[in-house]
Amino acid sequence: MLPILENTSHSCGSCTACCTVMHVPVLKKESHQNCLHQCSSGCNIYKSRPTECREYKCFWISHTDNLNLRPDKLGVILEISDTKIGRAVIVREVRKDASESPLAQEFINLVSERIKGFVYVFKTDNSKNVVFPEWAKDALEGNVEKGYIQ
């Protein structure tokens, strides 16, 4: 089983996946585009980086120390978000179709079950998919019948 820890604290190391995947309006940077400030050592404006960058914490940085799950190695960044219909695992692909790899699927499913959330995948082509995990089907059927989920 993959390790999920509580409140780990370590550095990003050489991972700069969020610098490519994230949308940062103040920098006029679109999602899935390299940031102009990205460099071989990480970020050349690190000390004065925007709030969006400063406050962003992916699930890997805060909940696991398994290097195989680091976003640049796994190919996906995970984050947790509260939505109108409940908690969600937001999956942002770093590489095309990386969310479909067996290791990524195992990690995504484990996190989804742990937080009792659905999965929202942002693909590299900017398409989006919502996935309701197997463990949630019974609960979802009641919500669909009541008209909560469309």
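The questions and answers below go through a predicted model, taking the core, the sheet and two single residues in turn.

Colleague: Which helix or strand gives the most residues to the largest nonpolar core?

Modeller: This core has 25 residues. Helices H1 (17-21), H3 (59-63) and H5 (102-115) each supply at least two of them, and so much is also true of strands S3 (76-83), S4 (86-93) and S5 (118-122). The element that gives the most, with five residues, is H5.

Colleague: Which members of that core touch the most other members?

Modeller: In soluble globular proteins, nonpolar side chains tend to be buried together. Here the largest such group has 25 residues. Those in touch with the most other members are Val-76, Leu-78, Val-89, Val-91 and Phe-107.

Colleague: What is Leu-78 in contact with, leaving aside its neighbours within four places in sequence?

Modeller: Leu-78 is one of the core residues that touch the most other members. Its contacts include Tyr-56, Cys-58 and Phe-59. The rest of the list is Val-89, Ile-90, Val-91, Phe-107, Ile-108 and Val-111.

Colleague: Which strands are the edge strands of the four-stranded open sheet?

Modeller: The order of the strands is S3-S4-S5-S6, with mixed pairing. An edge strand here pairs on one side only. That holds for S3 and S6 (128-131).

Colleague: By how many degrees are neighbouring strands of this sheet turned against each other on average?

Modeller: The sheet is open and made of four strands. With direction ignored, the average turn between neighbouring strands is 20°.

Colleague: In S6, which residue is the bridge partner of Phe-122?

Modeller: S5 and S6 pair over four bridges, in the antiparallel sense. Phe-122 lies in S5, which spans 118-122. Its bridge partner in S6 is Lys-128.

Colleague: Is Glu-30 buried, partly exposed or exposed?

Modeller: Glu-30 sits in the loop between H1 and strand S1 (38-39). Buried means under 20% relative accessible area and exposed means over 50%. Because the relative accessibility of Glu-30 is 43%, this residue counts as partly exposed.

Colleague: How many Å separate the C-alpha atoms of Glu-30 and Thr-20?

Modeller: Not counting residues up to four places away in sequence, Glu-30 touches Thr-20, Met-22 and His-23. Thr-20 is ten residues from Glu-30 along the chain. Their C-alpha atoms are separated by 8.7 Å.

Colleague: Which residues does Gln-105 touch, not counting those up to four places away in sequence?

Modeller: Gln-105 is found in helix H5. With a relative accessible area of 33%, Gln-105 is partly exposed. The residues it touches are Ser-99 and Glu-100.

Note on methods:
Residues numbered from 1 in each chain as written. Predicted model: local features only at pLDDT ≥ 70, side-chain atom pairs only at ≥ 80, totals over all residues. Heavy atoms only, no water. Core = buried A, V, L, I, M, F, W, Y, C linked by side-chain atoms within 4.5 Å. Buried < 20%, exposed > 50% of the residue type's maximum accessible area, 1.4 Å probe, protein only. Helix = DSSP H or I, 4+ residues; strand = E, 2+ residues; numbered from the N terminus. Contact = heavy atoms within 4.5 Å. Pairing = 2+ DSSP bridges. Axes fitted to C-alpha atoms, helices over the stretch in contact; angles between N-to-C directions.
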